[in-house]
Amino acid sequence: MNRRQWAFAAWLAILFCAAVVSPARAAGRAECRTVPSAILHRAVPYCVLLPPSYDAETARRYPILYFLHGAGENEQALLNSGGWDAIQYLWDQKQIGEFVVATPSADNSFYVNSHDGLVRYEDFFIREFIPFIEGHYRIRAERRYRGISGFSMGGYGALRLAFRYPELFGSVSAHSAALVEKLPGAADSDPHEVVLGRILSTAFGSPLDRAFWERENPFALARNGPRPKNLRIYFDCGTEDEFGFDAGAQAFHNLLAARGIPHEFHLYPGGHNWSYFAQHVRASLEFHSRAFALPAPR
C-alpha cells in the first residue's frame, strides 16, 4: 500500500471497530471509461461510482456528486486512495443516502480555461462532461440533486465552478482547497511556494499572470458576483497546511461571512495530505446527502 491507501485503511479500521458490522448488503460498483471531447480534441478518462441499488432499481434516478481530484492525480484518485471503500462503508451502514459519484480526469488544469487558451477545461466540464454523464447514467438532472466537491486543486475547482454556475449546482464542498487570496512574490524562496508556482503555471501562465489569477479565483467570484441563492457550502482545511491554504480558507470564510453568504467552515489539525482528507471526507459526503434531501442516517 502507498501512504494514501494506508491512511484510508486506518480510517476504515477505526470505523469498523467503532460500530457493529451489519450483515452483508448489495455492493455498489465502479466503472472507468472515456468521454469524447470536441473541445479538448481528445478522449477524457473518467470513473463513476454507482450505488448498490443502481443495477436492480432500473426505473430509479439518482442525485449526482462530481468529485474533482487534486494536482498530480487523475480520475481514479478516489479508487486508488481507498475513498471508494469509505463511500461503500457509509452506504452499507446507511449513514449516507445513495447517489452517483463522477470523477473526471483534469491533469493540472485547475478546472479553468487555460491562460493560453489551448486547454478549455472549464468549457469541457460544463458543456460536455456534465451533459454526457447525465445523459448516459440515470441521473436526476436538477440543480438541487447536483453537487460538486474536491480536494486541493479539486477543492479550488469545486468552489470556483459552484460560484460561477450557481444555477447548475445546489451544493459544494471542498477539503484543503487551493485557496490563495494573494499570490506570493516572484522571489519567494519557500519550497512549497515554489512548487505551487510551478503547478499554477500550467493553467495561469508562465510566468504567472497575476491579473488572470485574480480574475479567475473563487475570491473574485464570491466578492464581485451575485450572492448565490440556496447554494449549500461546506469547506475545511488543516491548520498545518504546507501550502498555507488554511490562511486562504480562513480569508474565504471571512469574505463569505462579510457578504452574508451562508456556509459551513472548519479548521482542523492536520496537513495537506490524504491522511487529513481521510479523516474528514465523511463530513462532506454526509453534507451532500443532506443537501440531496436523501433519507437521514439511521
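**Exercise 1. Where is the place of Pro207?** Locate the residue and describe the peptide bond that precedes it.

*Solution.* The model is a predicted one, in which local features require pLDDT of at least 70 and side-chain atom pairs count only at pLDDT 80 or more, whereas totals for chains, interfaces and linings use all residues. Residues are numbered from 1 along each chain as its sequence is written, and side-chain values use heavy atoms, with hydrogens and water left out.

Step 1. Pro207 is placed in the loop between helix H6 (191-204) and helix H7 (210-216). Helices (H or I, at least four residues) and strands (E, at least two) are DSSP runs numbered from the N terminus.

Step 2. Ser206 and Pro207 are joined by a cis peptide bond, with omega of about 0°.

Step 3. Most residues other than glycine have a negative phi, and most peptide bonds are trans.

**Exercise 2. Which phi values do Asp107 and Phe110 have, and is each residue buried or partly exposed?**

*Solution.* Step 1. Asp107 is not a glycine, yet its phi is positive, at about 50°. Phe110, also not a glycine, has a positive phi of about 60°.

Step 2. Asp107 is placed in the loop between strand S4 (100-104) and H4. Phe110 lies in the loop between S4 and H4.

Step 3. Buried means under 20% relative accessible area, exposed means over 50%, and partly exposed lies in between (1.4 Å probe, protein chains only). With a relative accessible area of 45%, Asp107 is partly exposed. Phe110 has 2% relative accessibility and therefore counts as buried.

**Exercise 3. At what angle do H4 and H5 pack, and which residues meet?** Derive the orientation class as well.

*Solution.* Step 1. Helix H4 (residues 121-136) packs against helix H5 (residues 153-164) at an angle of about 60°, and their axes are 12 Å apart. Axes are lines fitted to C-alpha atoms, for helices over the stretch in contact, and angles run from 0 to 180 degrees between N-to-C directions.

Step 2. Angles under 35 degrees count as roughly parallel, over 145 as roughly antiparallel, 65 to 115 as roughly perpendicular and the rest as oblique. H4 and H5 are therefore oblique to each other.

Step 3. The crossing of H4 past H5 is right-handed, that is, the near helix is turned clockwise from the far one by less than a right angle.

Step 4. From H4, Glu122, Phe125 and Ile126 meet Arg160, Leu161 and Arg164 of H5; contact means heavy atoms within 4.5 Å. The contact of H4 with H5 comprises three nonpolar, no polar and three charged residues. Here Ala, Val, Leu, Ile, Met, Phe, Trp, Tyr, Cys and Pro count as nonpolar, Asp, Glu, Lys and Arg as charged, and the others, Gly among them, as polar.

**Exercise 4. Is Arg160 buried or exposed, and which side chain does a polar contact join to that of Arg160?**

*Solution.* Step 1. Arg160 lies in helix H5 and is buried, its relative accessible area being 0%.

Step 2. The side chains of Arg160 and Glu216 are joined by a polar contact of 2.3 Å. A polar contact is a pair of N or O atoms within 3.5 Å; within protein, one must be able to donate a hydrogen and the other to accept it, and residues adjacent in sequence count only if both atoms are side-chain atoms.

Step 3. Not counting residues up to four places away in sequence, Arg160 touches Tyr111, Val112, Glu122, Glu216, Pro218 and Leu221.

**Exercise 5. Which residues do Glu181, Arg259 and Leu294 touch?** Residues up to four places away in sequence are not counted.

*Solution.* Step 1. Glu181, in the loop between strand S6 (171-175) and H6, is partly exposed at 37% relative accessible area. Glu181 touches Glu214, Phe219, Arg223 and Ala251.

Step 2. Arg259 lies in the loop between helix H9 (245-258) and strand S8 (264-268). Its contacts are Ala222, Arg223, Asn224, Gly225, Pro226 and Arg227, leaving aside neighbours within four places in sequence. Arg259 and Arg223 are 36 residues apart in sequence, with a C-alpha to C-alpha distance of 7.7 Å.

Step 3. Leu294, in the segment after helix H10 (274-291), counts as buried at 18% relative accessibility. Leu294 touches Pro63, Gly97, Glu98, Phe99 and Ser289, with residues up to four places away not counted.
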